[in-house]
Amino acid sequence: MRFDLAAYKESTDRLDVGGIDFDAFHDQPLAPEHLRCLRYMHDVELHTSCYLRNLLNTRAHHDPEITTFLTLWNHEELWHGEALARVLAAHDEPGGPDRVASMRRRLGWRITASPLLWMGFSAMTRHFLAIHMTFGVVNEWTTQAGYVRLAAEARHPVLDELLRRIMRQEGTHIAFYRSHAVERLEASERAQRTTRRAVRALWSPVGASVMPEAETRHLVRTLFSGGDGRAVADRIDRRVDALPGLAGLDLMAGALARYA
Ligand SMILES: [Fe+2]
Ligand SMILES: [Fe+2]
C-alpha cells in the first residue's frame, strides 16, 4: 500500500513530551551502560540535518514527494534528539547544541566533504532513489529496534513512555521508506541488483560512520548481542529478506560479527 503523504502532512508534529517527568531521572538514573547508548542515540538523532543536507544534493531533490517527507522527517528527528537531550540534562550531562557542535568539529573534513561524495554517488547511478529508500527503511527498522531493546534493558517507566512516543513516529518513517523502497525495487531488476550491491558494500549500523567505533561496539553489544537482542536482529534480517531482490544479505548478523 502506498504511503499516504497528505495524511502525514496533516498529522506530523513535534514530539509530545507533555507529562514526561524528566526529573524522575534524578532519583532513578539510568545505568551507565544504558546512558551511554542514549548518548549515541541523541547524537545520531541530531545528526539528521546533516543527512538531509547531503540528500538534498542528490536525485532525492528531483522528487517533491521525497523532499516533502524529508522535511517533516528532519523536523521529527530533531525533536527526538531534543527529548533525549533532556534525559541527558537530567543526568547532569551536556546535550543538544553543545554535544552537536563538538561532534561536528570532531568530524572535521569528513563532514565538509560528504555532500560532494553523495552528489557524486547519486550522479553515478540512476537507481539512487531505490538505494536511498532501502537504506532509509533498514536504518529506521534498526533505530526502532534499538529503542525497543533499550526500553527492555533499562526498565525505566519514564524512559519507557518517552521511547514509546518516539517509536510511534519512527513507525511512520518506516512506512514511508518501506513503501517507496518496495515500489522502486519492484519496478526494475536492475534497481534490485544495484541496490543489493550498494547495501552489501556500504551499509553499516546507523551512526557507525559518524560515531567513534568504541561507541558503536558498545551499543551493538549492549542491545543486540544477548538472546533477546539477537532475536530482534534476526527479525530485521528477515524483514530485509522480504524486500524485492534483497534476500540473504544478513546485514544485522554481519554487524554483530563486526561490532559485537
Ligand atoms: Fe528518531
Ligand atoms: Fe526515524
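This report describes the iron sites, the largest pocket and selected helices of a predicted model.

## The iron ion (ligand 1)

The iron ion (ligand 1) takes its protein donors from E45, E77, H80 and E170. E45 contributes two OE donors, E77 and E170 contribute OE, and H80 contributes ND1. These donors lie 1.9 to 2.3 Å from the ion. Along the chain, the donors of the iron ion (ligand 1) are spaced as E-x31-E-x2-H-x89-E.

E45 belongs to helix α3 (residues 32–45) and E77 to helix α5 (residues 64–90), so this pair ties together parts that are 32 residues apart in sequence. Both residues fall below the 20% limit that defines a buried residue: the relative accessible area is 5% for E45 and 4% for E77.

## The iron ion (ligand 2) and the bridge

The iron ion (ligand 2) has protein donors from E77 (OE), E140 (OE, twice), E170 (OE) and H173 (ND1). Their distances from the ion run from 2.0 to 2.6 Å. The sequence spacing of these donors is E-x62-E-x29-E-x2-H. E77 bridges the iron ion (ligand 1) and the iron ion (ligand 2), and the two ions are 3.9 Å apart.

Helix α9 holds both E170 and H173, which are three residues apart, about one turn of the helix. An α-helix has 3.6 residues a turn, so residues three or four places apart point the same way. E170 and H173 are both buried.

## The largest pocket

The largest pocket has a volume of about 1,300 Å³. It is lined by 47 residues, of which Y51, W118, N139, G207 and S209 are the closest to its centre.

Several helices take part in the lining: α3, α4 (48–55), α5, α7, α8, α9 and α11 (213–224) each supply at least two residues. The greatest contribution is that of α8, with 11 residues.

## Helix α4

Helix α4 is largely enclosed by the rest of the structure, because six of its eight residues are buried. The buried residues are T48, C50, Y51, L52, N54 and L55. They pack against α3, α5, α6 (97–107), α7 and α8. One of them, Y51, is also listed among the residues closest to the centre of the largest pocket.

## Helix α10

Helix α10 comprises 14 residues (189–202), for which a rise of 1.5 Å a residue gives an expected span of 20 Å; the end C-alpha atoms are 20 Å apart, which agrees. At the start of α10, a side-chain oxygen of S188 comes to within 3.2 Å of the backbone nitrogen of R190.

The buried residues of α10 are A191, Q192, T194, T195, A198 and V199. Their cover includes α7 (109–124), α8 (128–154), α9 (157–187) and α13 (251–259).

## The exposed residue W109

W109 is located in helix α7. With a relative accessibility of 66%, W109 counts as exposed. W109 and A231 are separated by 122 residues in sequence, and their C-alpha atoms are 38 Å apart in space.

Key. Residues numbered from 1 in each chain as written. Chains lettered and ligands numbered in written order. Predicted model: local features only at pLDDT ≥ 70, side-chain atom pairs only at ≥ 80, totals over all residues. Heavy atoms only, no water. Helix = DSSP H or I, 4+ residues; strand = E, 2+ residues; numbered from the N terminus. Expected span 1.5 Å × (residues − 1). Buried < 20%, exposed > 50% of the residue type's maximum accessible area, 1.4 Å probe, protein only. Contact = heavy atoms within 4.5 Å. Polar contact = N/O pair within 3.5 Å; in protein donor to acceptor, adjacent residues only side chain to side chain. Donors = N, O, S within 2.8 Å, 3.2 Å for Na, K, Ca; no water. 1 Å grid on protein atoms, 1.4 Å probe; cavity = no way out; pocket = protein on both sides within 12 Å on 5 of 7 lines; lining within 4 Å. Points joined across faces, edges and corners; volume = space filled by probe spheres on them.
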